Amino acid sequence: MFEIKKYHPLKSLNTFGVEATAKYFAELTCRDEILEFINNPEYQHLPKLILNGGSNILFTGDFDGVVMKLNTGHMKVVKEDNDNVWVEAGAGVKWDDLVNFCADNDWAGLENLSMIPGNVGAAPVQNIGAYGVEQKDCFCRLQAVELATGKELEFSKHACLFGYRNSIFKHELKGKMLILSVTYRLSKNSKFNTQYGTIKQELEKMDVRHITVKSIGEAVRRIRRAKLPMPEEVGNAGSFFKNPVVDKHKYYILSNDHPGLVAHPVDKTHYKISAAWLIDSLGWKGKQRGDAGVWHAHALVLVNYGNATGKQIINLADDIRRSVFNAYGIELDPEVVIV
Ligand code: EPU
């Protein structure tokens with residue numbers, strides 16, 4: 001049986017570590033509790049927010065509705081053949097526990113996504129990605145409940161409309177679905193993706209001769225530790241902005257004017273520009289205003305050094321956006337969900 005709390009503090013439940021209060025708060029541990037809660041007429045018409053690890057959210061004020069924290073924590077193999085294993089994980093499983101479970105069993109696919117904060121239920125919403133891999137590459141299906149009706153639905157990969165840090169759950173179905181569990185397909189025949197960034201160099205530094213799922217995971221962990229602040233130590237939500245995509249004409253003009261510009265082709269007519277480079281080039285890295293700041297080792301990560309409010313972090317983000325727009329004519333879009 002779950003308890004519904006009133007005026008519940010959210011500071012320890014968001015990795016930015018900002019103060020906010022939920023008018024109502026429910027911690028739900030299984031599908032039946034979730035359904036019982038959703039179908040309770042007392043809460044049916046209130047705004048609902050699903051908190052899934054709180055690692056990609058910035059509260060700029062209190063939440064005048066119900067915050068639902070999911071602790072649905074199962075992980076199980078649901079199918080297996082000679083080449084693949086299908087693992088189902090509850091929305092409340094820590095993402096990195098799933099990655100480690102796969103690495104311990106030598107099942108390949110998610111190792112480049114090691115150490116990403118947050119829970120499994122949030123992974124498909126923003127199609128988390130790192131070091132050349134996105135969760136969609138292993139995604140098989142997910143189970144969800146429609147908040148308005150309590151109806152259970154299954155979404156195939158196709159139905160999720162995954163894109164760069166994007167899915168149907170950020171658009172048509174924004175705020176309408178609660179993800180219960182996700183199933184990923186892992187490979188028993190290790191096909192590794194070591195092309196991105198510094199993974200290869202890191203494996204060399206580690207003196208790894210025989211690459212395994214675990215060694216790639218460890219290389220990724222070392223790269224992340226060196227560049228990104230750990231939320232347990234300094235409040236943050238990873239990359240604050242998405243990398244903007246521009247058409248090739250805009251890219252040619254920019255790269256001509258700024259020879260150092262970091263960008264990658266997305267398709268024949270578009271380029272993804274490094275937001276970190278844009279921000280860094282304007283001198284923002286390491287800047288601090290009160291307790292809000294830009295991380296000293298990565299310009300895309302905004303941090304809370306202690307008691308910054310969500311509003312202070314947003315003000316800093318707005319100034320960064322303005323400065324990038326004035327210098328390059330590019331609008332940065334937040335990757336973090338702002339509430
Ligand atoms: N760079 C700078 N200054 C910096 C940091 C980076 O100029 O302060 C330049 C460097 O040239 C670097 C390039 O930007 O090579 C790219 O940096 P990085 O490899 O760290 O990747 P990113 O594009 O900044 C994305 C994801 C990260 C993910 C990394 C690694 C987004 C919004 N962010 O960052 O994801 O870990 O790639 O794959 O796509 C997150 O989503 O929260 C996140 C951390």
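**Figure 1. The second largest pocket.** A pocket is an open set of points on a 1 Å grid over the protein atoms alone, where a 1.4 Å probe fits and protein lies on both sides within 12 Å along at least five of seven lines. The second largest one in this predicted model holds about 260 Å³ of space (the space filled by probe spheres set on the points). Lining it are 13 residues (an atom within 4 Å of a point). Ala108, Gly109, Asp137, Cys138 and Ser187 sit closest to the pocket's centre.

Residues are numbered from 1 along each chain as its sequence is written, and side-chain values use heavy atoms, without hydrogens or water. Local features need pLDDT of at least 70 and side-chain atom pairs 80 or more, while totals for chains, interfaces and linings use all residues.

**Figure 2. The pocket lining by element and class.** Strand E12 (residues 177-187) gives the most to this lining: three residues. Strands are DSSP runs of at least two residues, and helices of at least four. Four lining residues are nonpolar, five are polar and four are charged. Here Gly counts as polar, and Tyr and Cys as nonpolar.

**Figure 3. The shell around the ligand.** The shell has 23 residues (a heavy atom within 4 Å of the ligand). Tyr131, Tyr164, Ser239, Asp280 and His298 come nearest. By class, 10 shell residues are nonpolar, six are polar and seven are charged. Helix H7 (275-281) is one of the elements that supply at least two of them. H7 gives the most, with three residues. Strand E8 (129-130), helix H5 (213-227) and strand E13 (235-239) each supply at least two. The ligand lies between domain 2 (75-187) and domain 3 (235-338), because both give residues to its shell.

**Figure 4. Oxygen atoms of the ligand and their partners.** Polar contacts are N or O pairs within 3.5 Å. A side-chain N or O atom of Lys285 is 3.1 Å from a ligand oxygen. For Ala299, a backbone N or O atom lies 2.9 Å from a ligand oxygen. Glu335 places a side-chain N or O atom 2.9 Å from a ligand oxygen. Alone, the ligand exposes 810 Å² (Shrake-Rupley method, 1.4 Å probe). The protein buries 81% of that area.

Terms used. A polar contact is a pair of N or O atoms within 3.5 Å; within protein, one must be able to donate a hydrogen and the other to accept it, and residues adjacent in sequence count only if both atoms are side-chain atoms. Domain bounds come from an automatic or database domain assignment.
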